[in-house]
Amino acid sequence: MSHITNSPFFIAPSILSADFACLGQEVQSVIHAGADWIHFDVMDNHYVPNLTIGPMVCKAIKPYATVPIDVHLMVEPVDTMINSFVAAGADIITFHPEASKHIDRSLNLIKDAGCRAGLVLNPATPVNLLEYVLNKLDVVLIMSVNPGFGGQNFIPECLKKIHQVRNLIDRYTEQGGQPIRLEVDGGIKVNNIAEIARAGADTFVAGSAIFGQKDYAQQINAMRNELKFIK
Ligand code: DX5
Ligand code: ZN
């Protein structure tokens, strides 16, 4: 495995852009290339206008996933899917607050099952939604595209939100709160990852940038090189 294990930055390749005809092999290859998490995009053609993969596929790739499976639920409602993904071997489960009637209850479902939990903020979703549930979060996922498709362009206004959430998390952990990762999803490439890290992100989802290239390790290493000098 080629990744620098003591890096504070995580790369989470999104298998949305992988070859679904050989997903197990794709998962193995991208882990071998240095993936820290496997990002798993679940879309229901209801909350978002696209349909992808569900718990059966999560269960099928689980034996190949020697790193955590990071399930990003773009479904509405969320609670039944939380239960199904817990049973399917998810390690991290994040959902969109707009898709849950009871955000705190959905977070409890994830935490009580022993998984790591996170909320996902769409480009126009305000940060203050996080305030009263910070103690239940292991991850905040900031969308830098509108959810539904891979291969879209990064929305630069999200940098401001990343910065705001970074401050919120830092203040919270300084006061004794548990660590929370700040993950960003959508349009991340070698040429913008440094700027996103400088805004405060520590975990980077990349689909098309990694799976769109032949050599996954070369792409992941190029991303890590960009992050090398960022504190
Ligand atoms: C979009 C998904 C993303 C997507 C990212 O709704 O949540 O995870 O796969 O793909 P890229 O990196 O191609 O923007
Ligand atoms: Zn995603």
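Here are a few exercises with worked solutions on this predicted model.

**Exercise 1. The zinc site**

Work out which protein atoms bind the zinc ion (ligand 2), how they are spaced in sequence, and what geometry the site has.

*Solution.*
- Start with the donors: the protein supplies His39 (NE2), Asp41 (OD), His72 (ND1) and Asp185 (OD), which sit 2.0 to 2.2 Å from the zinc ion.
- Next, read their spacing along the chain, which comes out as H-x1-D-x30-H-x112-D.
- Then check the angles. The zinc ion has 6 donor atoms, with angles of 70 to 169° among them, and the site is octahedral.
- Now place two of the donors on the fold. His39 is in strand S2 (residues 38-43) and Asp185 is in strand S7 (residues 181-185), so this pair ties together parts that lie 146 residues apart in sequence.
- Finish with accessibility: His39 and Asp185 are both buried.

**Exercise 2. Around ligand 1**

Find which residues come nearest to ligand 1, then look for side chains in polar contact with its oxygen atoms.

*Solution.*
- There are 20 residues around ligand 1, and the nearest are Asp41, Gly148, Asp185, Gly207 and Ser208.
- Take Ser208: an N or O atom of its side chain is 2.5 Å from an oxygen atom of ligand 1.
- Move on to Asp185, where a polar side-chain atom lies 2.7 Å from an oxygen atom of ligand 1.
- His39 joins in too, with a side-chain N or O atom 3.4 Å from an oxygen of the ligand.
- How much of ligand 1 is covered? On its own it has 380 Å² of accessible area, and the protein covers 100% of that.

**Exercise 3. Two helices and their faces**

For H1 and H4, decide where the buried residues sit around the helix axis.

*Solution.*
- A handy reminder first: an α-helix has 3.6 residues a turn, so residues three or four places apart point the same way.
- In H4 (residues 103-112), pick out the buried residues: Ser106, Leu107 and Ile110. These cover an arc of only 100° around the axis, which puts them on the same side of H4.
- Flip H4 over and you find Arg105 and Asp112, which are exposed.
- Do the same for H1, whose buried residues are Leu23, Gly24, Glu26, Val27, Val30 and Ile31. Down the axis of H1 they fall within an arc of 165°, so they line one face of the helix.
- The other side of H1 has Gln25 and His32, both exposed.

**Exercise 4. Three loop residues**

Classify Ala21, Ser100 and Gly187 as buried or exposed, and say where each one lies.

*Solution.*
- Ala21 is in the loop between strand S1 (10-13) and helix H1 (23-32). Its relative accessibility is 73%; the cut-off for exposed is over 50%, so Ala21 counts as exposed. As a distance check, its C-alpha is 28 Å from that of Val120, 99 residues away along the chain.
- Ser100 belongs to the loop between strand S4 (92-95) and H4. With a relative accessible area of 10%, Ser100 is buried. Its side chain also reaches the backbone oxygen of His102, at 3.2 Å.
- Gly187 is found in the loop between S7 and helix H6 (193-199). A relative accessibility of 16% makes Gly187 buried. Measuring C-alpha to C-alpha in the model, Gly187 and Gly207 are 8.3 Å apart in space and 20 residues apart in sequence.

Definitions and conventions: Residues numbered from 1 in each chain as written. Chains lettered and ligands numbered in written order. Predicted model: local features only at pLDDT ≥ 70, side-chain atom pairs only at ≥ 80, totals over all residues. Heavy atoms only, no water. Donors = N, O, S within 2.8 Å, 3.2 Å for Na, K, Ca; no water. Tetrahedral: all angles 85-135°; square planar, octahedral: opposite > 155°, others 65-115°. Helix = DSSP H or I, 4+ residues; strand = E, 2+ residues; numbered from the N terminus. Buried < 20%, exposed > 50% of the residue type's maximum accessible area, 1.4 Å probe, protein only. Near = heavy atom within 4 Å. Polar contact = N/O pair within 3.5 Å; in protein donor to acceptor, adjacent residues only side chain to side chain. Areas by Shrake-Rupley, 256 points an atom, 1.4 Å probe, with all protein chains shown as cover. Arc of directions from axis to C-beta.
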